[in-house]
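User: I would like to go through the strands and one helix residue of this model. Let us keep it short.

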Amino acid sequence: MERLTPLATAFLDAEDVDPRASLAIGSMAVFEGPAPSFEDFVAHIAGRLPLIPRYRQKLATVPFGLSAPGWVDDPGFDIRWHVRNTALPAPGGPEEIGRLMSRVMSRRMDRDRPLWEYWFCEGLADGRWGLLSKLHHSLADGVSGTDIYQLVLDPTPTPRPPVPDDWTPAAPPSRTAAAAGAAWQLATSPVTVARAVVTSLTDPRRLARTARETARGLVTMVPALRPVEHTSLTGPLEGSRRYTWTDVSLEDVRVVRRRHGVTVNDVALAAVSGGFRVLLMSRGEEPGAHALRSLVPVSTREPGAESIPDNRVSLMLPYLPVELADPVERLTAVRDRVRDLREGREPEAGGSVTAAAEIAPFPPVAWGIRLGLRLPQRHIATVTTNVPGPRTTLYALGREAQAMLPYVPIADRVRIGVAMFSYRDTLTFGLTGDYDTAPDLQVLADGIAASLAELVAVSRQAPGTGRGSEDASRTR
């Protein structure tokens, strides 16, 4: 039985602490028409299941919480529980898509079954149809979730043949056996820790470098202990969600990148900063310098590990410069703040803490996480996650995927989250908001688009002189 990491388990714990939260990530892929039949679509997904073993596994808990839950085969697996069909009411435009996304993603998943759903959606405008993908965050992060897309979909209009399938579910361990195994693992955890220490001592230079980077990163994190200024962006959440999105051209983003010598991620965060500034001012609030600290996930995956369905992320906690009116000053501030956090080794410190939690005894780690989740959270005002998506066109049953709309969950007093996803030549900002406290979510979407347009207009006034980078913070 493969056990969840403490980070993956934390997404389950967050739901346990807040019964109104749903910690599922997702996206809507929009395809050209006409839509295939639902039966053909189910058969298409069934033909890819051998490529994604986790889709036929469910969670198994361990008595007394002696260890993290693990993945076991689901003997009652039924693909029709997970692949569902629906249709949008006319006209099938952005409002109708947003309501569907909000309704599906707000509903919590059944932990007695594999933690994924695909919604086959007809009735989109212009004869199009959609695939709404929903995965619990304990199953995957954004990078591995995107890789799953590339297993389910095709790189050409010609569908790949079904994968041979001889799967039969393995018998799960009994609760007694699971408890005994966890107890033995707990009893031998000092040996595991000692072995890790001995291994690290075989490379003293690397150990010293890691220790320095971790210590430096933890020092960099100290300012994040300061609560953000009180605004309407934080507070209790109602439970239902709103969803909208805005698209921008990646070529426009590159124009800004080349002109100012920044990264694509810097440009995206600057646009988000401008959008939040517009939102706060529309609410009659003065955007302060310490009003908007964002949790920015950073992937820690090694190249080639994108297909492993788990969570491998660290984080940065920059203040987004909503206090600055000038778009170029905002961009410069984002670049400097992200650079300082990277140079201060903040992501490495987060990664070291996560790695240490994975070898430590599970019960005290779990208790600490649950205690932290129960404390009022006043240090983060939003989450901004940027996932690089496919640069080439994907297809489903011969139909071209024309757009991909990302969704990020919100919880723990964070009332608005932003997911950024690039597909082909488009960067999409998907916005999730609390239903009661973010009725004006479209103001943020329009503000992001307007902020980027300002940067593009300024950047095109003179030839580029900087050497930017395509590098984005590789996130969930």
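User: In which sense do β2 and strand β13 pair, and over how many bridges?
Analyst: This is a predicted model. Strand β13 covers residues 399-407. One bridge sets M28 opposite L405 in β13. The pairing sense is antiparallel, and the count is 6 bridges.

User: Over how many bridges do β2 and strand β7 pair?
Analyst: Strand β7 spans residues 129-136. V30 has its bridge partner G130 there. The two strands run in the antiparallel sense, and the count is 8 bridges.

User: How many residues of strand β2 are buried?
Analyst: β2 runs over residues 24-31. A24, G26, M28 and V30 point one way, and all are buried. I25, S27, A29 and F31 point the other way and are buried as well. The strand is mostly covered, with a count of 8 of 8.

User: Which are the edge strands of the open sheet formed by 6 strands?
Analyst: The order is β8-β15-β14-β11-β9-β10, with mixed pairing. An edge strand here pairs on one side only. That applies to β8 (241-249) and β10 (313-316).

User: By what angle are neighbouring strands of this sheet turned against each other on average?
Analyst: The sheet in question is the open one of 6 strands. Direction is ignored in this angle. The average is 20°.

User: Which residue in β10 stands opposite V298?
Analyst: Strand β9 covers residues 294-299. β9 and β10 run antiparallel and are joined by 4 bridges. Opposite V298 in β10 stands S314.

User: At about what angle does helix α14 run to β8?
Analyst: Helix α14 takes in residues 441-459. It lies across β8, β14 (416-423) and β15 (426-434). Its angle to β8 is about 15°.

User: Why does T9 count as buried?
Analyst: T9 is found in helix α1, residues 6-17. The cut-off for buried is under 20% relative accessible area. T9 counts as buried because its relative accessibility is 3%.

User: Which residues does T9 touch, not counting those up to four places away in sequence?
Analyst: A touch means heavy atoms within 4.5 Å. With residues up to four places away in sequence not counted, the list for T9 is L4, A68, P69 and F362.

User: How far apart in space are T9 and N311, C-alpha to C-alpha?
Analyst: In sequence, T9 and N311 are 302 residues apart. In space, C-alpha to C-alpha, the value is 10.0 Å.

Terms used
Residues are numbered from 1 along each chain as its sequence is written. This is a predicted model: local features need pLDDT of at least 70, side-chain atom pairs count only at pLDDT 80 or more; totals for chains, interfaces and linings use all residues. Side-chain values use heavy atoms; hydrogens and water are left out. Buried means under 20% relative accessible area, exposed over 50%, partly exposed in between (1.4 Å probe, protein chains only). Two strands pair if DSSP finds at least two bridges between them. Axes are lines fitted to C-alpha atoms, for helices over the stretch in contact, and angles run from 0 to 180 degrees between N-to-C directions.
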